[in-house]
Amino acid sequence: MEESKPLIATPGNSQINRSDSDAVEARFTDLCKSGLSLLENTYNDAMKLFKETKHLLSANVSTIGNGALEEAERFWFAFVLYSIKRLSEKTAESVQPGDNKFTLCQILRAAKLNIVDFFKELPQFVVKAGPVLSNMYGEDWENRLEANELQTNFVHLSLLSKSYKRAFRELFLSSDANIDKNSDTDDAADPVSEYRRFGWLLFLALRIHAFSRFKDLVTCTNGFVSVLVVLIIHVPIHFRNFNIHDSLRFVRKGDKGVDLLASLCNVYNASEDDLRKMMEKVNILIEDMLKKKPCVASECKTETLENIDTDGLIYFEGLLEEPSLSSCLNILEKDYDDAIRNKGELDERVLINEDDSLLASGSSSGGAVNVTGVEWKFDSIASPTKTISSPLSPHHSPTASHANGVPGASNSRMPATPKTTTMTTAKWLHTYISPLPSKPSAELQCFLSSCDRDVTNDVTRRAQIILEAIFPSSALSERCVDGSLQSTNLMDNIWAEQQRLEALKLYYRVLEAMCTAEAQLLHATNLTSLLTNERFHRCMLACSAELVLATHKTVTMLFPAVLERTGITAFDLSKVIESFIRHEVSLPRELRRHLNSLEERLLESMVWEKGSSMYNSLIVARPALSAEINRLGLLAEPMPSLDAIATHINFSSGGPSTSSPSQKHETSPGHVGSSILGQNGDTRSPKRPCTDLRSVLVERNPFTSPVRDCLLALSNKSKAPLQSAFASPTRPNPGGGGETCAETGINIFFGKINKLAAVRINGMVERLQLSQQIRESVYCLFQQILSQQTSLFFNRHIDQIILCCFYGVAKISQLNLTFREIICNYRKQPQCKPQVFRSVFVDWSTARHNGKTGQDHVDIITFYNEIFIPTVKPMLVELCPSGTSTRTTQIPDANNSNEGQCPGSPKVAPFPSLPDMSPKKVSATHNVYVSPLWTSK
C-alpha cells in the first residue's frame, strides 16, 4: 500500500549507494578547499564530522529541502561546516592565524543556499546529528552551537532592516531621483546609497560595541532610531525627502523648532529617556571609533539643524562629507569584518541589499521563519486592526488626536509590525511596572506576615537569588573595550539590573493580586501553604522573567531558558500561567498571546519530555506505568535547593540561609519515592468533584488565540484555591474519594490535553472536509490512547498521536485518505512543525523489530506501522462500524501477532461542543460579516 513507504528513508533503505559515497565526499572536499579555502586542520575536522554523519544524510535525503539528493547534499555540507565553525572555535584555544576564518554567509554562498532555507532545515540536522555532535564536542554542544540564538537574531535584524529601508526611503531621496537631479556626476558614487550604507554600518557597530551580548529587539530599535537622528541632522538638506519648515509630521517644541527625538519616539513607540541614553552611546561611538570631534549642536550654524530644537543634540562637523564619509565607511567595514570573522556569525550587511542571493525569496519581507516553535510572519504577525504612524505622512486635520500625549503626532497609519508591537509592549513595562516599588507593598507584606511565621525575608531573598540566576551580572573587572566606550561587561550589568528590577516588580504585583483572590476564596488571610511553597514562587518568578524577556525580545535567553535557570519543569510552569494572566489585568495583548503560546507548547510536547515532573505525579496516579517510566529514565530530578543556586551564581545577600525544610527535602538523595515527594503534583479545591476536569488552558481575558477562544467556551468558570495545585503528589486529596493529589492532578492534566487535542482534531477535520462521525472516532481513539496506552505519549508530541489516529480511523472506515494528504493538510495548521512528522521517538527494545535495538527517531509512517498499530489495533477494532469486522485487515500492521484485547476502557467523553469562531454573513445583498464577540474577562 502507498503508506508503507516511509517519508524518511531508513539506513537499510538508503538513497545514496555505496558507489556514490566517494563522489559525495569528493564534492564536500571541493567545497571546503575550492569554495572556502579551508586550511588543512579545519578541513580535517570538517571531514571527520561529515563522515560521522554521512549515514544520516543517506537516510534522510527525501526530507531535506526539495528531497533531491543534490540539494540535500548542499544543505548537509552547510550544516557540517557551520557546526565546525561554531563548536571548534569554542574548544580550540590556539587557532592558527588565518585558520577557521570563514563566516556563515561564505558557507551559504559556496553551497548556493539562502538564509531562510538554511534556518528552515537546520533543526532537522540538530535532531539527527545530536548524538554525534555530543560525542565529539561534549554534552553542551547545543548551547555552544547557538543555532536558535542566531536564527532569532536574523529574524530581529530582518525586521529592523526592513524598517530601516522604509524609513530611509521616506526621509531621503531615492538613488534614482538623486541621479536625475545630479546627472553631471557620471562616475561618482551615489551619495544617497553611501549615506544609507553608513547608517546601517553605524547601527551594526552600535550593536557590537554598546549592546554587548544582550541584543534584544527593544534595545536594537532604540539604536536604530538613534541612527536616524544622526542621519537627519547630518545628511545635506538637498537630499531630504521632506521639508521640515512646514511639515506637520514632526512635533514642535514652542519657538525652538522641531523636537526631533520626541517626533521619532512617537513614530516608533520608543521611550524618550531610553532614546536619549542611546544617543549618548552613538555619539561616543562616532567620537571614539571614527575619531570625530563632537560639538554641541546649539553652538553650530548649519542648515541641517535649522528649525530643529538642538537641546541635548551633538553635531559632528563634516561627518557625511567627503573625504570623511569614505574614511568612516572604511573604518566601519573593517571593524565589522573583524567582528564577524572571529565569530563566524551571519553577515548582517546583506540585509539592506535587496538583490543579494542570500536573501532569496523574501527572507526579510513577507516570509516566515520558524524560531523555536514560533513562526514569525513578518507582514502579518500583528493584529490587523493595530496601526502605527508613518514618519512622513502629514496630519489630515489640525485637530488630530495626540498620540502618546504628544501634540502634532502623525495621524496617518500603516499596518503594525512585530517591531512596533514589541515597542508597544515595552511601553507597558515603562508605564505600569517600572514605577512600582522594588519591595513588597504594604498589602502583600500583610499576607506574608500573616503566615504561621513571617516569610517576608524568605520571599525577598528567593526573588533576589532566582532573578540573579536568570539575569546574571558579569564581572566588572574584566577587560573593557578600547577607547572611552563603556565596558561591555558594564553594559551587561546595566541591562541585567534593569530586567531584574522589572521582573521583580511584576512578580510582587501579581503575587499580591493572587494572594488577595486566594484569601477571598478561602475566607482567610493565612496563606501559609501557598506562600511557603518553593515551587510556586519559582514558577511565579519564572513567569515574570519570561514576560520581561519576551517584552524585550531577548536573543540570548530564549524559552525554556527560564526553566533551566530556576530549576522547575514545564509541568510546574503550566500550573500558574492561567492564574498569572487572570490576575494581571494590565497585561498587553501580545504578552497574553505569548503566555498562551507557551502553555500550548508545554502541553503539546514539553511536559512529555524526559525529566518532566509530570512523570513524578503519573507514577503515583498510574502505578502500572512506573516500570516503563523508570526504564526510560523519565522522572524529574529533585528540584535544586535555593542555596545550591545561590552557590552556583556566587550570590551573597549578607543574610543567613533561609532554606525551608521542604526545600531541603527536595534535594536530599534517595530512592524514587523521595524524588516523587520532591515534585509537586496538581490538585484542586476540596469543594470540587474529582470528575470535573478543569482546564488551565483557559484564560479569562479578551485577547486569546483561536484555539484558546474555543477552549474558553468549554471551561468551568469556578476557581479552585491555587495553593492546592502545588501539594505533594502522594498527599490525599482534601476532597475525599480516596484519590491522591497526583491522581486528581493527572486527571486535570489529561482533561487539558484532551481539550487541546479536540481543537486540533476539529481543525484537521475541517481542512480535510471529513464527516462528523470521523471526527468523533478520531477523538474517541485519542482519548482511549491517552487513558489506556499513555506510554505512547512518552517523549513524543501529541500531534504525532493525532496524525496517526486520523490515518488509523481513515483505514478502518475505508476512506480514500492517504498519510501524505493528512500531512499536507497538517502543514497548514498554525502549530505545525516539520519535525513532528519527520522525527518521532521510538524505543525498539520494547518491540519485536527484526533485531533493532536502542532508541531512535524515525518518520511518522514508520512509527505508525511499527509502534502505533501494534499498540492500538484492539482499540481500532472496537471503532469498526457494525458489520464491518473484516475491515480490520485494512489496518497496516507491521506484525500480525494476535494480541489480546486491551483491558476494559472507561467510558470516553463525546466530542466537546466547540464554538464556531468564524465570521458569519448577515446580509443577503451586501458583503457584511459579523465575527463572534471576544469572550470577556
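In which helix does F77 lie? F77 lies in helix α3, which spans residues 69–91, and the legends below start from this residue.

The model shown is predicted, and local features are described only where pLDDT is at least 70, side-chain atom pairs only at pLDDT 80 or more, while totals for chains, interfaces and linings use all residues. Residues are numbered from 1 along each chain as its sequence is written, and side-chain values use heavy atoms, with hydrogens and water left out.

**View 1. F77 in helix α3 and its contacts**. Helices (DSSP runs of H or I, at least four residues) and strands (runs of E, at least two) are numbered from the N terminus. F77 counts as buried because its relative accessibility is 5%, where buried means under 20% relative accessible area, exposed means over 50%, and partly exposed means in between, with a 1.4 Å probe and protein chains only. When residues up to four places away in sequence are not counted, F77 touches V24, R27, F28, L31 and F50; contact here means heavy atoms within 4.5 Å. E25 is 52 residues from F77 along the chain, and the C-alpha atoms of the two are separated by 9.9 Å.

**View 2. Helices α23 and α30 where they cross**. Two packed helices are described by the angle between their axes and the distance between the axes. The axes of α23 (residues 589–604) and α30 (residues 741–768) come within 10 Å and cross at roughly 105°, which means that α23 is roughly perpendicular to α30. The axes are lines fitted to C-alpha atoms, for helices over the stretch in contact, and angles run from 0 to 180 degrees between N-to-C directions. Angles under 35 degrees count as roughly parallel, over 145 as roughly antiparallel, 65 to 115 as roughly perpendicular, and the rest as oblique. From α23, the residues E600, L603 and E604 meet F749, K752, I753, L756 and R760 of α30. By class, this contact has four nonpolar, no polar and four charged residues, where Ala, Val, Leu, Ile, Met, Phe, Trp, Tyr, Cys and Pro count as nonpolar, Asp, Glu, Lys and Arg as charged, and the others, Gly among them, as polar.

**View 3. V759 in α30 and Q769 in the loop that follows**. V759 has its place in helix α30 and counts as buried because its relative accessibility is 11%. V759 and Y779 are 20 residues apart in sequence, and their C-alpha atoms are 10.0 Å apart in space. Q769 is in the loop between α30 and α31 (772–788), and its phi is near 55°, a positive value in a residue other than glycine. Q769 is exposed, with a relative accessible area of 73%.

**View 4. Strand β7 and its partner β8**. In a regular strand the side chains alternate between the two faces of the sheet. In β7 (residues 840–843), V840 and V842 point one way while F841 and D843 point the other way, and all are buried. Strands β7 and β8 (residues 855–858) pair in the antiparallel sense over four bridges, and two strands are said to pair if DSSP finds at least two bridges between them. V840 stands opposite V858 in β8.

**View 5. Two loops, with N307 and P323**. N307 is in the loop between β1 (294–296) and β2, and it has a positive phi of about 60° although it is not a glycine. N307 is partly exposed, with a relative accessible area of 31%. P323 lies in the loop between β2 (314–316) and α13 (324–343), and the peptide bond that joins E322 and P323 is cis, with omega about 5°.

**View 6. The nonpolar cores**. In soluble globular proteins, nonpolar side chains tend to be buried together. A nonpolar core is here a set of buried Ala, Val, Leu, Ile, Met, Phe, Trp, Tyr and Cys residues joined through side-chain atoms within 4.5 Å. The largest nonpolar core has 137 residues, and W608 and F868 have the most contacts inside it. Another core, of 126 residues, lies apart from the largest one and includes L49, A129, V267 and L329. Over the protein chain, buried residues make up 57% of the 937 residues.
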